[in-house]
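Colleague: Could we go through the empty space inside this model, and then its surface?

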Amino acid sequence: MSTISFNRPTLVGKEFEYIQQAIDNLHLSGNGPFTKECQRLLEQRIGCAKALLTHSCTAALEMAAILADIRPGDEIIMPSFTFVSTANAFVLRGGAPVFVEVRPDTLNIDVKAIEKAITSRTKAIVPVHYAGVASDMDELLELADRHGLLVIEDAAQGINASYKERPLGSLGHLAALSFHETKNVISGEGGALLINDERFVERAEIIWEKGTNRANFFRGQVDKYTWVDIGSSYLPSEILAAFLFAQLEEVQPITRDRLKTWNQYHRAFEALEAAGKLRRPIIPAYCEHNAHIYYLLLPDITIRTALINTLKSFGVNAIFHYVPLHSSPAGRKYGRASEDLSFTQDISDRLVRLPLWIDMSDEEINRVVEAVYAALDS
Ligand SMILES: *Cc1c(COP(=O)(O)O)cnc(C)c1O
C-alpha cells in the first residue's frame, strides 16, 4: 500500500520548456523576460498597480513592512492563527504584533476584535485569507480607513480566489502571495508583492533591487544607478520565474482540479457532520475560494490525535497547524495578545488538514475518506 502524502508538488505544463528558454536567453539573474511576464499576468488577473516577484511570501511581507515604514514600537494587528512570517516580517523592523481572535466560521480575523485592539501606536492590519477563503474585507477596510491604518493582505494562500468578485490580493494597500511548493501555484520557493496603492510603487522597486534605483536606470529615467534607500535582494532567478510562469498559465485548471477533490471530501463528510462527529469548512456566500486546504474540526485534541494515527495506519499522512503565535516563544517575546485567545487555542488543538494536491485519484480520495470513517464512525 503506497503512502498518500499530505502534499505532492506537480508539474502542470511547460515548466521545463520555459526553463530551457530562460537558459537560452542568457539571462539567469532576476527581472528578465520571465519575471516580467509573470508580473504582467499577475497585474492583469488581480488588477493591482504593480506586482513584483520575490523569493518567498515571507520576503514580500518583509518588503511590505519596509514600505509601511514600521518603526520600533509600532503595532500591527493580525490573527494569532497564522504562519510565523505574518508576524516575523514586522518584528524585523522593530514592530510589535498584536494578536487578535478569529471568527468561528472562516477562522479569519474577527473585525470586531480588531476594533478593540487599535491603539495610538497601531500602524497596520494584516488579514490572512486562511485556506484561500476571503476575510470579511468590506468591514475591515472601512475600519482601517476610519483609523488611517494600512491594510496588508497575507494572501499567501489566496491565488485565484475572490471576495465579492474582487480577487484576493487586490483589496489592501499591499498584499503578499506565496508560491511555496505547498501552495496551489508553485515554484518551489517563491512569492510576490502586490501593490494596489500607487504611492508605494517607486519605493518598492528600489527596496526590491537592494536599495538602488536600478529600475529607473534601466528605464532611462536616471543616468547612473546608485544606492538611494534601504533594501535587499528580493528578486528570484529567471529559472524560478520560468517555472512559475508555466504554473501561472495553468492557474484555472489547477483551481478546478483542487475544487473537485475539495468537493468530493466535502460531500463525503456531510454525514459525519450531521452526526456531530466533526465540523466541515464553512465558505461564506461572499467568497469564491480556491480549495487550498481541506480541514476538519474534531471535538477535541484526543479525538484528533486518534484520527491522525488511524489515518497513518491507512497510509494517509495528515497534519495540523498552527501553533498560535501568541503562545509561541517568539510571539510572547515580541508581540502580545490583545485579549483572551481561547478560541484560537481551541481550534489549533482540534484542526486537521487532509491530503490535497493536483490529480488526486478517486482511489486516493476514497482511501482518505474511509480512514476518517474508520476513526470516527463508531
Ligand atoms: C505559506 C505562508 C506564508 C509563507 O510563505 P513562504 O512563501 O513560504 O514564505 C506566509 N503566510 C501564510 C498564511 C502562509 O500560508
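Colleague: How do the residues lining the largest cavity divide by class?
Modeller: The lining has five nonpolar, three polar and two charged residues; Ala, Val, Leu, Ile, Met, Phe, Trp, Tyr, Cys and Pro count as nonpolar, Asp, Glu, Lys and Arg as charged, and the others, Gly among them, as polar. This is a predicted model, with local features needing pLDDT of at least 70, side-chain atom pairs counting only at pLDDT 80 or more, and totals for chains, interfaces and linings using all residues. Residues are numbered from 1 along each chain as its sequence is written, and side-chain values use heavy atoms, with hydrogens and water left out.

Colleague: Which residues line the largest cavity?
Modeller: They include F6, N7, T182, R258 and H292. The space in the largest cavity is about 70 Å³. On a 1 Å grid over the protein atoms alone, a cavity is a set of points where a 1.4 Å probe fits but cannot get out, a pocket is an open set with protein on both sides within 12 Å along at least five of seven lines, and lining residues have an atom within 4 Å of a point.

Colleague: And what is the volume of the largest pocket?
Modeller: About 530 Å³, as the space filled by probe spheres set on the points. Among its 29 lining residues, F83, H180, T182, K183 and Y322 are the closest to its centre.

Colleague: On the surface, is L28 buried or exposed?
Modeller: L28 counts as partly exposed because its relative accessibility is 40%; buried means under 20% and exposed over 50%, with a 1.4 Å probe and protein chains only. L28 lies in the loop between α1 (15-24) and α2 (33-46).

Technical notes:
Helices (H or I, at least four residues) and strands (E, at least two) are DSSP runs, numbered from the N terminus.
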